Every structure is written in C-alpha cells, then in structure tokens.
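This report covers cysteines, salt bridges and one sheet. Please keep the structure open while reading.

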Amino acid sequence: VTDWKIIVEQYGGLVWATACRLVGNGVDASDCFQETFLEAVKISRKEPVRDWSALLRHLATARSLDRLRARCRQRERTPAMTDPDAVAGREADPADEAQASELAERLRTALAELPAEQAEIFCLSCINGLSYREIGERLRLSTNAVGVQLHRARGRLRELLATVDTTTNED
Amino acid sequence: VEDRQDEPVDDLLERATEALRRAPVPQGPSAEAIARVMETIQTADVVPQPVQERVRKMTRIVKIAIAATILVGLGVLASWTMIGGGSGNIAFAAVAEALDQLRSASFDINTETNWDAGKRHVTTSGKGYFLAPSKQRTEISSTTAKNTSKMVMIFDQEAGKGLMLMSDQKFAMAMDIAKMKENAKKSAKGASPDLFETVRRLVREGSSGTGEKAENLGKKEIDGHPAVGFRTHNAMGDMTLWADAQTARPIRVELTGEMFEGVRMVMSHFRYNLALDPSLFSLEPPAGYSSQTVNFQPPVEADLLRMLRMVAEHGKGMFPAKLAMNKEVMDAVMAAVQPEVNKIAAKHIGKANLKAKPGEQPSSAMMADTMKTLMPLVQKQMGGIIFYMQLTPENDAHYAGGGVKLGTPDRPILWYRPSGAAKYRVVYADLGVKEMSAEEVKKLPGPR
C-alpha cells in the first residue's frame with residue numbers, strides 16, 4: 001500500500017518547485033500541485049511506480065503546461081492583470097531581475113504555443129535536467145525520438161521568441 | 001546520446017531558459033495545500049471507465065449550434081449540453097437535492113474553441129438564465145479574430161419549442177424540437193438543449209448511482225467560498241463541478257471536450273432563486289424581426305452512412321482516426337455546404353461568399369434565405385455524426401475505421417446494436433451494412 005503521506009512529504013517540494021517555475025504564480029501552482037498528486041493516485045492504481053521523482057516531475061510539468069496554455073488563451077481575450085500572487089523576486093539588481101522575469105514569461109508564452117509533447121520534452125530536458133533516456137522511459141519514446149522532438153521544440157521556440165522580440169522592438 | 005552539444009548556441013533561447021530555470025520559487029507548498037492534497041487522495045474515488053461503458057449521446061441543440069457555427073461563425077457553446085457522468089457519493093447527492101429545489105438561476109458562461117493548434121480560435125461569453133421547471137435563456141457573444149456576433153437562444157423543454165435570435169441581423173429562427181424531444185425520451189440519458197438542466201440531470205444521475213463514477217476533487221476556495229469538487233468523465237469529455245460546501249449549490253462548472261475536441265466551457269458566478277421576468281423566456285419573435293421556422297428531425301442510420309462517405313472523401317479517401325465532432329467532420333460539412341453558401345452569397349452580395357468580408361453582417365433577408373436553404377442541408381450532413389454520438393452504452397457502438405480506405409472490401413469499420421434489437425448492424429468500408437449476432441461481432445477486427 002502506498003504511503004501517500006511520505007510521498008507527499010518527500011516529493012511535495014519537487015512538485016511545487018516544478019509547477020511554480022513553469023506557471024509563475026502561487027495560485028496556479030497550488031492547483032497543479034493538487035492535480036499532480038491526484039493523477040499520481042490514478043496511475044499508481046493501474047501500475048506499480050518505480051520512480052516517483054520522475055513520475056511526479058513529469059505530471060507536474062504536464063499539468064503546468066496545461067495551465068500555461070489555458071492562461072495564454074485567456075490572456076488573448078482579456079486585458080493583462082497584475083497577479084498579486086506572482087512569484088516574489090530575488091534580491092538582485094532590479095533591472096536584471098525585470099529582464100530575467102520578462103524573458104521567463106516570454107518563454108512560458110512560447111511554450112504554450114508548442115505541441116504538448118514537444119513542450120514537455122523541452123521542460124523535462126532543459127528546465128528539469130532529465131536525460132533523454134529518463135524522458136523516453138517516462139513518455140514511452142525512444143531516445144532518438146526524444147532528441148528529434150527536442151530539436152523541433154528548440155527550433156520552434158527560437159522562432160516564437162524571435163517573433164515576440166521583433167514585435168517588441170517594433171513597439 | 002545526448003545531443004545538446006550539436007545545437008547552435010542561441011542567446012535568446014538560452015537566456016530565456018536560464019531565466020525560467022532560475023525563476024524564484026515562493027515558499028511552499030503550504031500546510032493547507034498539503035492537507036488538501038492528503039484529503040483529496042484519501043477521498044478520491046477514481047475508477048477507470050472501460051471504453052464500452054462510455055456514453056455516446058448527443059443533444060438536439062447540437063444541430064442548432066452547428067448550424068449557427070456554420071452560418072454565422074459562432075462557437076459550439078450549446079453543443080456542450082450533452083456532457084454526462086456522475087458519482088455515487090453522498091456529497092454529490094446533496095448537490096442534486098440543492099439543484100432540484102431551485103426556482104431560478106443565472107450564471108456567466110465562457111467558452112473557447114481551439115482547432116488547428118489554435119489557428120482557428122473562437123471565444124464566446126454570455127449569460128444563462130434558468131426558470132423552473134424547464135425554461136432556459138442563453139445570451140451569447142462570440143468573438144473570432146475577424147468578427148463578433150451576438151445571439152440569444154431560448155428553449156422551453158415542456159413545450160418542445162425553441163427560439164434563436166440574432167439581434168445584428170434582426171433575424172429569428174423558431175425551432176420545433178418536439179420530434180427530437182420524443183426521440184430523446186427513448187434514451188434513459190435523453191439529452192437536453194438546456195445547459196442548466198443538463199447539469200442538474202448529470203448531478204441527479206450521479207447522486208442516484210445511475211451515472212458513471214466521478215472523482216472527488218476535495219476542497220478548495222472558489223470566489224471566496226469553501227467548495228467541494230467533483231470531476232466526471234465520459235466519451236464526450238470531462239465535467240468539473242465545484243459546489244458550495246455549505247449549500248451544495250454549484251459555484252463553478254467546467255466542461256472540456258473529447259468528442260468535441262478543443263472546446264472548453266466554464267459556468268460561473270451563479271445566482272439562485274432570482275425573480276426573473278417571464279418575458280425573458282418568450283418564444284415569440286420580437287417586433288421587427290424576420291423569422292424562419294425550422295423543424296428538427298431525429299437522425300437515422302442512412303445519415304451515418306452519408307456522413308462516413310462525406311468525411312472519407314474529404315479525407316483523401318481515408319476514414320478518420322476518430323469519429324467525433326471535430327475538425328475533420330466540420331471541415332467535411334463546410335465543404336459539402338459551401339456550394340449552396342456561395343450561391344446564396346452570390347445572389348445577395350455578388351461574387352463574394354459569406355466568409356469573404358470579415359466583419360460584414362449578412363442582411364436580414366440574406367439570413368432568412370440562408371436559413372431556409374441551408375438548415376435542411378446542414379441537418380442532412382450533420383445527422384450522421386449526431387446519430388453516432390446519440391448512441392448509448394446499450395447500443396455498444398464501436399468505430400474501427402481509422403486509416404481504412406473507403407471501399408476496402410470486407411473491412412468492418414463500425415458496428416452497433418440498435419435499441420431493442422438482438423443483432424448488430426455492421427458497417428463496412430464500402431459502406432454496405434450487414435446484420436450480425438453478438439458472437440460474430442466479437443470476432444471482428446479493430447479496437448473496441
């Protein structure tokens with residue numbers, strides 16, 4: 001029998017951090033946190049879980065990307081609002097911090113435009129540092145397929161970031 | 001092989017990735033969030049549903065919504081009335097009881113439809129009103145990249161009538177849905193064109209144990225109220241309902257699509273037992289409106305065969321991977337009705353067709369002409385997918401046509417058992433139909 005108290009205690013921080021980085025605010029991260037563990041319950045009832053860390057990281061990433069996509073669609077039709085629960089900034093140079101924050105938000109927006117699998121592979125590899133093999137095992141893909149998808153994801157992200165950059169410059 | 005080395009250095013992407021990787025993480029998760037997760041885990045009643053038990057049903061209003069979608073570019077808001085599911089727990093029963101006791105309600109509706117990876121994006125927002133026992137009014141504002149349209153839909157279930165009003169064109173479509181109503185009664189899970197009534201029905205079914213299993217999502221604060229959440233799932237999609245923990249009345253309902261791919265609807269800001277003006281639910285077209293009456297007929301198997309041929313021919317001779325109210329089907333319908341649309345457009349506005357002038361509203365006369373000509377055609381083309389989606393678990397329907405070429409001999413692509421019949425109807429890739437016993441059907445190839 002799975003001891004969920006231990007699982008949540010042990011991996012709660014990991015799930016929280018994964019979600020926070022991707023969604024960028026505490027409210028959405030809190031929802032992702034709950035949805036991640038709920039989905040983990042479902043999966044654990046169907047099959048034994050060998051690597052909780054990889055599973056939870058994968059689920060947290062997938063749910064966070066869902067949120068990002070929904071938020072971007074919402075943003076398209078409603079004016080931007082200041083999020084009172086946005087993640088607090090670090091103590092750093094305000095200009096650098098603002099630039100980093102803006103870059104991170106632009107990448108979040110671009111990730112929401114990517115096909116779901118590509119976005120997830122990019123996040124697992126480039127944000128969470130998982131190896132191709134670990135990603136492939138989790139997503140049931142060959143390492144080559146992971147590499148190809150990652151390559152495509154990077155290509156598309158470059159295009160999207162460049163588009164935003166051009167638009168910004170024009171503005 | 002890790003191939004990151006062979007990627008060209010891209011400063012902007014690398015910098016953005018680094019910024020995201022180093023994004024500050026606030027303290028957390030909070031003790032409350034952890035407690036909520038633990039409670040959810042302990043109370044979760046998650047049971048995977050076999051595909052054969054999933055409900056395939058469709059509501060009569062889909063036809064209206066599809067017609068509206070095709071004619072004036074609106075979303076499939078109303079089509080969402082068929083979402084099904086439920087649970088067998090006590091808390092959900094309390095929600096059912098609270099809903100059954102209501103005299104009236106109003107709520108906000110927001111819907112978004114995304115097809116082609118977001119290239120075709122339609123959003124709708126509006127207000128819904130419910131007056132017991134069976135009256136519903138929905139006011140919709142739909143926005144695409146090119147256009148905004150407004151529409152009002154009124155239904156009286158008991159009267160078997162509906163009215164669609166397009167204020168921009170001063171056009172009213174009176175709908176006789178009596179035959180569809182009779183058809184819906186034949187099914188235990190008869191679909192309703194009324195959104196609020198559908199939510200009530202789903203909760204009622206779930207709480208009485210006749211619906212499918214639902215997940216308990218635990219507790220959460222919604223709009224400042226402690227709420228209890230449930231999620232139901234079937235072949236049509238998911239419904240997430242958050243009910244007030246004290247009164248058991250819904251606070252927020254979210255519907256997402258499976259057979260209606262790329263569609264998401266949120267009902268929120270509910271107000272209950274308001275004194276609503278009965279004139280809001282009048283089925284008489286307002287003064288100054290031109291009107292057209294449309295009779296809706298239940299679809300039959302011949303419609304299904306026609307639809308399968310239409311979609312396969314539109315898909316370069318191949319049957320679609322999935323039979324659903326999705327882009328493939330809608331594109332095929334659009335292509336089928338386009339010649340008629342062009343004729344009407346040519347008659348009223350010259351060579352340009354209806355889609356050629358974004359922002360331009362068709363005239364009242366053009367709307368009436370369009371409705372008169374296109375409604376029977378649209379119903380004919382859409383009947384097949386509606387027929388398929390109306391099939392219930394009792395009909396044990398299976399689609400196995402994905403990747404099969406139209407005309408392939410001896411290749412079954414779809415089978416179902418008509419209500420009350422002993423034998424199955426098996427549709428082949430050449431669109432011939434044979435009857436088979438349950439034993440014979442078990443030997444058919446393809447997914448179940």
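**Cysteines**

At 0% relative accessibility, A:Cys123 counts as buried. The model is predicted. What keeps the sulfur of A:Cys123 from a bond with the closest cysteine sulfur? That sulfur belongs to A:Cys126 and is 8.3 Å away, too far for a bond. A disulfide needs the two sulfur atoms within 2.5 Å.

A:Cys32 is also buried, with a relative accessible area of 0%. Its closest cysteine sulfur is in A:Cys20, at 9.0 Å, again too far for a bond. Over all chains, the structure holds zero disulfides.

**Salt bridges**

How many salt bridges does a search of the whole structure find? The count is 22 over all chains. Side chains of opposite charge can pair when their charged atoms come close. Three of the pairs are listed here with their N to O distances.

| Salt bridge | N to O distance |
|---|---|
| A:Arg67 and A:Asp28 | 3.9 Å |
| A:Asp66 and A:Arg69 | 3.1 Å |
| B:Glu254 and B:Arg252 | 3.7 Å |

Take the pair A:Arg67 and A:Asp28, whose side chains meet in a salt bridge. A:Arg67 lies in helix 3 (residues 52-77) of chain A, and A:Asp28 lies in helix 2 (residues 26-46) of chain A, so the pair ties together parts that are 39 residues apart in sequence. Are the two partners buried or partly exposed? A:Arg67 is partly exposed, at 22% relative accessibility. A:Asp28 is buried, at 13%.

Both residues belong to a network of salt bridges. Its other members are A:Asp31, A:Glu35 and B:Lys220. The network therefore includes residues of chain A and of chain B.

A:Asp66 and A:Arg69 form a salt bridge within helix 3 of chain A. They are three residues apart, which puts about one helical turn between them. A:Asp66 is partly exposed, with a relative accessible area of 33%. A:Arg69 is buried, at 17%.

In chain B, B:Glu254 meets B:Arg252 in a salt bridge. B:Arg252 is partly exposed, with a relative accessible area of 27%.

**Strand 10 of chain B**

B:Leu255 lies in strand 10 (residues 250-257) of chain B. It is buried, with a relative accessible area of 2%. Which residue, 16 residues apart from B:Leu255 along the chain, has its C-alpha atom 4.5 Å from that of B:Leu255? That residue is B:Met239.

**A four-stranded sheet in chain B**

Strands of a sheet pair through backbone hydrogen bonds, either parallel or antiparallel. Chain B has an open sheet of four strands in the order 13-14-15-16, with antiparallel pairing. Which strands stand at the edges? They are strand 13 (398-399) and strand 16 (433-436) of chain B. Each has a single partner strand, so one side of each is left without a neighbour in the sheet.

Strand 13 of chain B runs antiparallel to strand 14 (residues 412-416) of chain B, and two bridges join them. B:His398 has its bridge partner in strand 14 of chain B, namely B:Trp415.

Helix 7 (residues 301-314) of chain B packs on this sheet. The helix touches strand 13, strand 14, strand 15 (424-428) and strand 16 of chain B. The direction of helix 7 makes about 155 degrees with that of strand 14 of chain B.

Notes:
Residues numbered from 1 in each chain as written. Chains lettered and ligands numbered in written order. Predicted model: local features only at pLDDT ≥ 70, side-chain atom pairs only at ≥ 80, totals over all residues. Heavy atoms only, no water. Salt bridge = Lys/Arg side-chain N within 4 Å of Asp/Glu carboxyl O. Buried < 20%, exposed > 50% of the residue type's maximum accessible area, 1.4 Å probe, protein only. Pairing = 2+ DSSP bridges. Contact = heavy atoms within 4.5 Å. Axes fitted to C-alpha atoms, helices over the stretch in contact; angles between N-to-C directions.
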